[in-house]
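Q: Hi! I have a structure open and I'm still learning to read these. Could you walk me through some of its parts?

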Amino acid sequence: MNEQAARDLLLAWALESSDADLNVVTPQQRQHLAQVARDEVHTQSPSTDEGLPERFLARRAALVLHAVGAQTPALPLFLARNKLFAALAAGLPIAAFLVGLLVDRLGSPHRVDLLSAPLLLIVLWNLLVYVWLAVALFRPKKHDPQAGLGWLGRWATGLAWLPKNMPQPWPAALATFTTHWMHTSAPLTRVRVLRVVHVCAAALALGAVASLYTRGLLVQYQVGWESTFLRGEQVQGLLSLLFTPAMLVFGMPGFSLAEVQALQWPLHAPVQAPVDGGARWVHLFAATLLLLVVLPRCVLAAVAYGKERRLARRFHADTAHPYVRDVLGAVGLGATGTVLRVFPYSFTVDIQRSEGLQVLARRQLGAQAQVLLQASTAYGEDLAPAGVVPRSLDVALFNLSATPEAENHGAFLDSLVQQGTMRLEVWVDASAYQQRLLGSSPERLEQRSALWRSLGAARNLPVHIVHLVQPETPTATQAAQQQSPVLLVLA
């Protein structure tokens with residue numbers, strides 16, 4: 001699923017979930033639009049195509065938004081504003097190029113200052129950026145993909161211009177959409193912003209190069225340097241360090257200490273300098289900027305663009321989400337024969353809890369879901385090999401009465417991950433623990449639940465607190481699951 005289809009699906013879900021009174025999109029409209037979307041995707045590809053459900057979801061979401069947009073003028077405006085980043089991404093490099101044209105004209109337009117602060121800062125800043133990027137490759141990744149984006153993420157995802165004073169259910173729908181889209185698209189947003197930053201840096205350096213040459217066509221440069229604290233030897237060493245890469249790569253001639261000392265202002269007469277002296281130093285500055293700034297930034301921008309294109313096509317609908325399951329099931333595209341494979345750990349599942357698992361399986365995976373209960377793994381023992389079952393949701397089942405331990409419960413989860421399970425979740429049954437507490441201390445229940453969530457978060461696994469004895473009674477986690485996004489995080 002591409003980025004546009006993912007945005008449409010998430011926004012349609014946020015709208016329909018917030019439209020509790022069914023006033024914006026009536027049941028008849030939803031049924032009609034679903035049938036139209038199903039007919040369209042069926043004419044484009046055979047029903048055996050594995051990508052058919054996601055294409056149906058994308059087309060249905062687009063039809064829903066189109067129908068709603070005809071009734072709500074603010075929605076097309078909101079969708080149009082979401083495309084503003086594409087225009088800004090094209091305009092910012094142009095602005096950076098224009099700044100580069102002016103950056104070295106802060107002094108005299110007839111001079112080439114060998115210690116030009118703007119040009120030296122451009123090179124130094126980019127070298128520091130390369131060091132920072134190299135260090136970032138070895139830093140541990142943050143668990144929160146949205147960390148560090150803030151307002152930049154809202155701007156880059158087109159969410160900084162939310163409509164005001166809209167009637168219900170739009171405020172709630174757009175708030176839900178904004179929260180989930182920023183989180184889901186954060187990896188893509190980060191790469192997209194980096195790509196624009198790299199292009200702007202290259203454009204700024206190109207503008208500086210263009211400024212040097214265009215001024216050189218109209219005026220005769222006076223080349224030199226001046227400093228209160230630096231002497232000729234130090235300036236010669238600094239310039240050698242700066243220009244050596246360009247001289248080696250492009251075969252440009254070097255310069256001696258005497259030449260550098262002769263160019264010190266006001267110890268020499270600029271008008272008596274050789275005619276080609278200015279051109280030589282302009283070529284050195286231009287080659288240095290191209291080699292140390294423009295080329296590396298273009299390579300980094302190309303790498304970021306390739307990753308951006310890949311990530312923009314790797315959104316996936318969560319087929320286990322109740323909304324997605326219901327939409328697909330209404331037109332006969334829901335998953336059939338989906339298996340809930342349960343791996344209990346130090347936990348005996350009796351008949352009553354087994355029936356509760358079946359209820360939760362149907363709620364999670366649809367009416368045709370089947371429960372495949374594995375033998376319970378005793379405390380401290382290793383998991384028996386189980387293999388991989390296609391179209392299955394694997395669940396590690398624990399008892400909330402137990403305190404999670406990394407060396408036992410965590411090792412059990414690690415072994416499940418190593419077996420190559422397609423989808424793995426952590427379910428923790430709270431029925432026995434709640435019965436023991438008898439409602440006397442809800443804080444202890446929440447504290448124990450938080451410990452289990454931490455165990456799962458350390459392995460990037462979702463943790464759900466369930467109630468197998470009374471599965472019809474939704475827990476706080478089950479209610480939150482209903483509000484979880486319909487899109488899986490980018491793979």
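Q: Let's start with R341. Which residue in strand 5 is the bridge partner of R341?
A: That would be L372 in strand 5. Keep in mind that this is a predicted model.

Q: How many bridges join strand 4 to strand 5, and which way do the two run?
A: There are four bridges between strand 4, which covers residues 339-344, and strand 5. The two strands run parallel.

Q: And what order do the strands of the sheet come in?
A: The order is 5-4-6-7-8, so to speak as you read across. Five strands make up this open sheet, and their pairing is parallel.

Q: Which strands stand at the edges?
A: Strand 5 (370-373) and strand 8 (463-466) do. Each has a single partner strand, so one side of each has no neighbour in the sheet.

Q: How much are neighbouring strands turned against each other?
A: On average by 30°, if you ignore direction.

Q: What does helix 14 touch when it packs on the sheet?
A: Helix 14 (residues 351-365) touches strand 4, strand 5, strand 6 (392-399), strand 7 (424-429) and strand 8. Its direction makes about 140° with that of strand 4.

Q: Which strands does helix 17 lie across?
A: Helix 17, residues 442-457, lies across strand 6, strand 7 and strand 8. Relative to strand 8, helix 17 runs at about 150°.

Q: Back to helix 14 for a second. Q352 lies in there, but is Q352 buried, partly exposed or exposed?
A: Q352 is partly exposed, because its relative accessible area is 42% and that class runs between 20% and 50%.

Q: Leaving aside neighbours within four places in sequence, what is Q352 in contact with?
A: With L468 and V469. Q470 is also worth a look: Q352 and Q470 are 118 residues apart in sequence, while their C-alpha atoms are 9.1 Å apart in space.

Q: New topic! At what angle do helix 1 and helix 8 pack?
A: At about 140°, with the axes 8 Å apart. Helix 1 is residues 3-18 and helix 8 is residues 170-184. The two helices are therefore oblique to each other, and helix 1 passes helix 8 in a right-handed crossing.

Q: Which residues make the contact?
A: Helix 1 brings several, including L10, L11 and W13. From helix 8 come, among them, F177, H180 and W181.

Q: And by class, what is in that contact of helix 1 with helix 8?
A: Twelve residues are nonpolar, three are polar and two are charged.

Definitions and conventions. Residues numbered from 1 in each chain as written. Predicted model: local features only at pLDDT ≥ 70, side-chain atom pairs only at ≥ 80, totals over all residues. Heavy atoms only, no water. Axes fitted to C-alpha atoms, helices over the stretch in contact; angles between N-to-C directions. Parallel < 35°, antiparallel > 145°, perpendicular 65-115°, else oblique. Left-handed = near helix turned anticlockwise from the far one by under 90°. Contact = heavy atoms within 4.5 Å. Nonpolar A, V, L, I, M, F, W, Y, C, P; charged D, E, K, R; others polar. Pairing = 2+ DSSP bridges. Buried < 20%, exposed > 50% of the residue type's maximum accessible area, 1.4 Å probe, protein only.
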